[in-house]
Amino acid sequence: MISTVIIIGGGQAGAQAVDTLRREGFAGRLVLISDEAELPYQRPPLSKKYLSGEVPAERLLLKHRAFYDEHRIELRLNTRVARLHLESKQIELADGEKLAYDRMILCLGGGPRRLSCPGADLRGIHYLRGLADADSMRAALTDRARVVIIGGGYIGLETAATCRKMGCEVAVLEMADRVMNRVVAPLVSRYFADEHRAHGITLSCDTRVTQLEGNATVEAVICADGRRFAADLVIVGVGAMASTALASDAGLKCDNGIVVDEHCRTSDAAIFAAGDCTNQPSTRYGRRVRLESVDNAFEQSKAAALNLLDKPFIHDRVPWFWSDQFDSKLLIVGLSQDYDRQVLRGDPATRSFSVCYLKERELIAVETVNHSKDYMAARKLIADRALMDLDKLPDINTPLKEAV
Amino acid sequence: MPRIVFIEPGGARRQIDAPCGITLMEAAVGNGVPGIVAQCGGACACATCHVYVAPAWFDKLPAREEMEEGMLECAWEPRANSRLSCQVQVTADLDGIELAVPQQQGDS
């Protein structure tokens, strides 16, 4: 008999877990613990419309307070969990209070990878993960502020676009030879690099940062090639790492994330995990994956809640991702790995195109820029393991769903 | 506040008083209307906030933009009166609008 379920983590996965548990009929005690001050909220707007001030914090909430009251969810905000006691099935809070559980879901999320170069501890260096980070960043973004962004990934480029729209002088420094190099094709990288430059951003690839300079507060970013970028503030977006300390300290198996099985169960049968913090075997990809996305947090959390209630469920959804930069929307579906052919649909010069990835003619991933129709069609085609017609595929005027 | 009516697939009606300026999707999610998932939170990236607008109301809404059009075309059972509720803002003249929730969301 499951009488108490504890969810640790108040992000997308945590909020979804309590939602699914109640919808699926769990009527026992349900506790949601978060170390943040706010009710669970959406993180994607933090680098975009929240940072710019277009959308206020209350519009980011995933559920209103009434939802938690109505569904008898015990919210413990601003609460840090000190350790897990697996043997006695208890968790210990930072203030020493202990709570017993029958089942638990860890939705610990991830944290930004930090710089370690000299000067990395100066004031004025910002990382973005939570609402409070975005607030302190915004406070520093005065008109014409000189912003140097380290890292040309999603976070770096989205905040770059937002800062530029707010009137800042923006430089983006990327270590690799192109932006978003781990997630998109070279010509998609080129398209977005051109967009940023056209909006007046200084974008420099193959650029390694060696030092942050300043007297208490950062004043400049120094690169390996000797260049010096003057800065009023620095934003660092060089990737994220799974938050696993709580799990690994308790002896749960971790390896680039909390190791879970296809049912989202950890190495302890009473404990599940979901979201950015997990490393899960994918039936679709035939290997373990750790994904950082809203979609993954949502699907895994739903699966974890169902399996926790002994309703066996394995999710096999194709992963998807999006990014908004200036007025371009990047939509990605599937993981572009192990492909043997890349096919371009349309012309980047028209600002609307797609890159398809195939493996033995099977569509396995698609990146679209301002082309939602291809994206939606691809979600279905990839899920269905459709084989594509190589003659029709390059013609963007042939609907993707008819190029099979 | 304008009153928005969501009609669930089973026929149940839910009336919500929504402040002007938020989206129809936010009105639904904030009040826990079943079937409006809104996974991407309003970024026009998931097509899980799809609704059918009562025909009498459809023409009163600002037209669909190209991104929304493309999302809907391959959504689950699109119709002429389909909208993504995250792309429509609540305004005073939408008082009384009726929106039917599809049986499924997304691409399947």
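Domain bounds here come from an automatic or database domain assignment. Keep that in mind as you work through these exercises on a predicted model.

**Exercise 1. Into which domains is chain A divided, and how many residues of domain 1 touch domain 2?**

Step 1. Start with the bounds: domain 1 of chain A covers 4-111 + 240-308, domain 2 covers 114-236 and domain 3 covers 327-402. Notice that domain 1 is written as two stretches of sequence.

Step 2. Next, look at the spacing. The centres of domain 1 of chain A and domain 2 of chain A, taken over C-alpha atoms, are 30 Å apart.

Step 3. Now find the contact between them: 12 residues of domain 1 of chain A meet 13 residues of domain 2 of chain A. On the domain 1 side, these residues are 5 nonpolar, 4 polar and 3 charged.

**Exercise 2. Is A:Leu46 buried or exposed?**

Step 1. Locate the residue: A:Leu46 lies in the loop between strand 2 (29-33) and helix 2 (65-70) of chain A.

Step 2. Recall the cut-off: a residue is buried if 20 or more other C-beta atoms lie within 10 Å of its own.

Step 3. Apply the cut-off. A:Leu46 has 25 other C-beta atoms within 10 Å, so A:Leu46 is buried.

Step 4. Name some company. Apart from neighbours within four places in sequence, A:Leu46 is in contact with A:Leu51, A:Leu128, A:Leu131 and A:Ala134.

**Exercise 3. In what order do the strands of the 5-stranded open sheet of chain A stand, and which strands are at its edges?**

Step 1. Follow the sheet across: the order is 22-23-26-25-24, with antiparallel pairing.

Step 2. Pick out the ends. Strand 22 and strand 24 (341-347) of chain A each have a single partner strand, so one side of each has no neighbour in the sheet.

Step 3. Add the twist, which averages 15° from one strand to the next.

Step 4. Zoom in on one pair. Strand 23 and strand 26 (residues 362-369) of chain A are joined in the antiparallel sense by 4 bridges. Within strand 26 of chain A, A:Thr368 is the bridge partner of A:Leu331.

**Exercise 4. Which residue takes a positive phi in the hairpin of strand 4 and strand 5 of chain A?**

Step 1. Identify the strands: strand 4 (residues 81-85) and strand 5 (residues 90-93) of chain A run antiparallel and share 4 bridges.

Step 2. Find a facing pair. A:His85 is opposite A:Gln90 in strand 5 of chain A.

Step 3. Examine the turn. The hairpin has 4 residues between the strands, and A:Lys89 has the positive phi, near 50°.

**Exercise 5. How many residues does each chain give to the contact between chains A and B, and which helix of chain A supplies the largest share of its side?**

Step 1. Count both sides: chain A gives 20 residues and chain B gives 18 residues.

Step 2. List the elements of chain A that supply at least two residues each: helix 7 (294-308), strand 22 (320-325), strand 23 (328-333) and helix 8 (372-383).

Step 3. Choose the main contributor. Helix 8 of chain A supplies the largest share of the chain A side, with 6 residues.

Step 4. Sort the chain A side by class: 8 nonpolar, 4 polar and 8 charged residues.

**Exercise 6. Why is chain B called as compact as a globular protein of its length?**

Step 1. Describe the fold: chain B has 3 helices and 5 strands, in the pattern β-β-α-β-α-α-β-β.

Step 2. Compare the radii. The radius of gyration of chain B is 12 Å, close to the 13 Å that the globule rule gives for 108 residues, so chain B is as compact as a globular protein of that length.

Step 3. Complete the picture: the C-alpha trace of chain B spans about 35 × 30 × 25 Å along its principal axes, and 45% of its 108 residues count as buried.

Methods:
Residues numbered from 1 in each chain as written. Chains lettered and ligands numbered in written order. Predicted model: local features only at pLDDT ≥ 70, side-chain atom pairs only at ≥ 80, totals over all residues. Contact = placed C-beta atoms within 7 Å. Nonpolar A, V, L, I, M, F, W, Y, C, P; charged D, E, K, R; others polar. Buried ≥ 20, exposed ≤ 12 C-beta atoms within 10 Å, placed from the backbone. Pairing = 2+ DSSP bridges. Axes fitted to C-alpha atoms, helices over the stretch in contact; angles between N-to-C directions. Rg over C-alpha atoms; globule rule 2.2 N^0.38 Å.
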